[in-house]
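Open the model in your viewer and show side chains as sticks. This tour follows charged pairs, one selection at a time.

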Amino acid sequence: MRKFLAVFKREYLERVRSRWFVFATVFGPLLMVAIIFVPPLLGSRTKASADVNHVAILDATGTDIGRRIALELNGGVAGDTSATRVVTVAPGDLAAAESTATHDVVAQRLQGYFVLDSATTAGRSARYAGRNASSISDIEQLRAAVRQSVLAYRLETAGLDPDRVRSLTETRLSLDAERLNERGRGGSGTVSLIFGIVVALLLYMSIFLYGFTVMRGVQEEKQTRVAEMVLSSARADTLLAGKVLGIGAVGLTQMLAWALASVLLFRYREGIMAAAGLPAIPFQLPDIAVGMMLVLLLFFVLGFLLYATMFASVGAMVNSDQEAQQAAQPVTFLLIAAILFLQPVMQNPNSRLAEIVSWIPFTAPVIMPLRLTLTTVSTTELGLVLLGIALTVVASIWFAARIYRVGLLMYGKRPTLRELFRWLRYAG
């Protein structure tokens, strides 16, 4: 135990005292806040171009849909449509009209042009071409104008009163989603989604970064022959346990510091936003019980132990950085696979796919915490998943301890699978 504590203390203090640890711990929450809030804030201030209505409408529908779109783009019924050119053309003359409009756009006399035909009156499609076709805000405003105008036209041709149609189609309804769970109201569904994404990404980054740190530490000790001196005074199992748990404690310390900093930033967010000259963002933390926080912490610990022991095995097998990068790819792919499933799980956390990837021990440390923040998971399912990860951790530790014991003293080329099994027999 004394030797284990010595290794643990060395690994922990060496990394906690580093400048990079202090920098990441201090600025990590600020970066996370910026990633979450700055894009939506900028997006809320992003508006369509001032000359988005400077377009031509090539109307081959034989109706007044083109005029309706021009009115929508210029502020409604009483709007000034002089900036929008409505050109009524026959269906057979559309190609020539498009050629002329294209030249006007290239010469920067227009932003773009619409093409309206029989598919537009049927409510199926309309076409737009312009210099601002890649502007999301512009295209959204243009699409809304066309949709509104076509809907109003079709309702009026169906016999509805124009004033009645206008009052119905101009409705702007906002929908606020509130999550319900077994304890009742659980706060905003959007906030729960954001919190789940943050938790999943933090777990992924922490497990990956600190697991990779274990591999590099083992590799450096092997390259510098420090391992030979250490093994002369401590068993390989003791050295592996001290290294993995010491570095894991570093990651846990950083996550706790991030959690405390996040709470402080949330509490004083209004003063911080005011000092930065930014408007306050209405935001409410989701209802996260103490038991849930402990479960999330347990997923981090188990996930870190699982991947750290596998990375330690890789570090003991290789002799150079190039070999380490190649040998670590299978382990890295297992962890990256969890990120690949984030979007389908977020879209439907109760789907069969979401359940399966949250059961697999190699993806569960990231996916299951995400599901827990988005939906209700039964206690039985949660317990079985944790048990599966724990059993996988035990198997990984058994495998890693034997590879580690032999690999630290083996130099030369990277071992083959047959040689790895031979190492397991030697260590046994």
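**Stop one: a buried arginine**

Select Arg 68: this residue is buried, with a relative accessible area of 14% (buried means under 20% relative accessible area, exposed over 50%, partly exposed in between, with a 1.4 Å probe and protein chains only). Now add Glu 156, which is partly exposed at 23%. The two form a salt bridge, with the closest N and O atoms 2.5 Å apart (a side-chain nitrogen of Lys or Arg within 4 Å of a carboxyl oxygen of Asp or Glu). Arg 68 sits in helix α3 (residues 65-73) and Glu 156 in helix α6 (residues 136-157), so the pair ties together parts 88 residues apart in sequence. Helices are DSSP runs of H or I, at least four residues long, numbered from the N terminus.

This is a predicted model: local features need pLDDT of at least 70 and side-chain atom pairs pLDDT 80 or more, while totals for chains, interfaces and linings use all residues. Residues are numbered from 1 along each chain as its sequence is written, and side-chain values use heavy atoms, without hydrogens and water.

**Stop two: α17 to α18**

Select Arg 371 and Glu 381. Their salt bridge has its closest N and O atoms 2.9 Å apart. Arg 371 lies in helix α17 (residues 364-374), Glu 381 in helix α18 (residues 379-407). Arg 371 is buried at 2%. Glu 381 is buried at 16%.

Go back and add Asp 64 and Arg 67: salt bridges with shared partners join them with Arg 68 and Glu 156 into one network.

**Stop three: within α1**

Which residue forms a salt bridge with Glu 14? Select Arg 10; the closest N and O atoms are 3.6 Å apart. Both lie in helix α1 (residues 2-16), 4 residues apart, about one turn.

Key. Helices (H or I, at least four residues) and strands (E, at least two) are DSSP runs, numbered from the N terminus.
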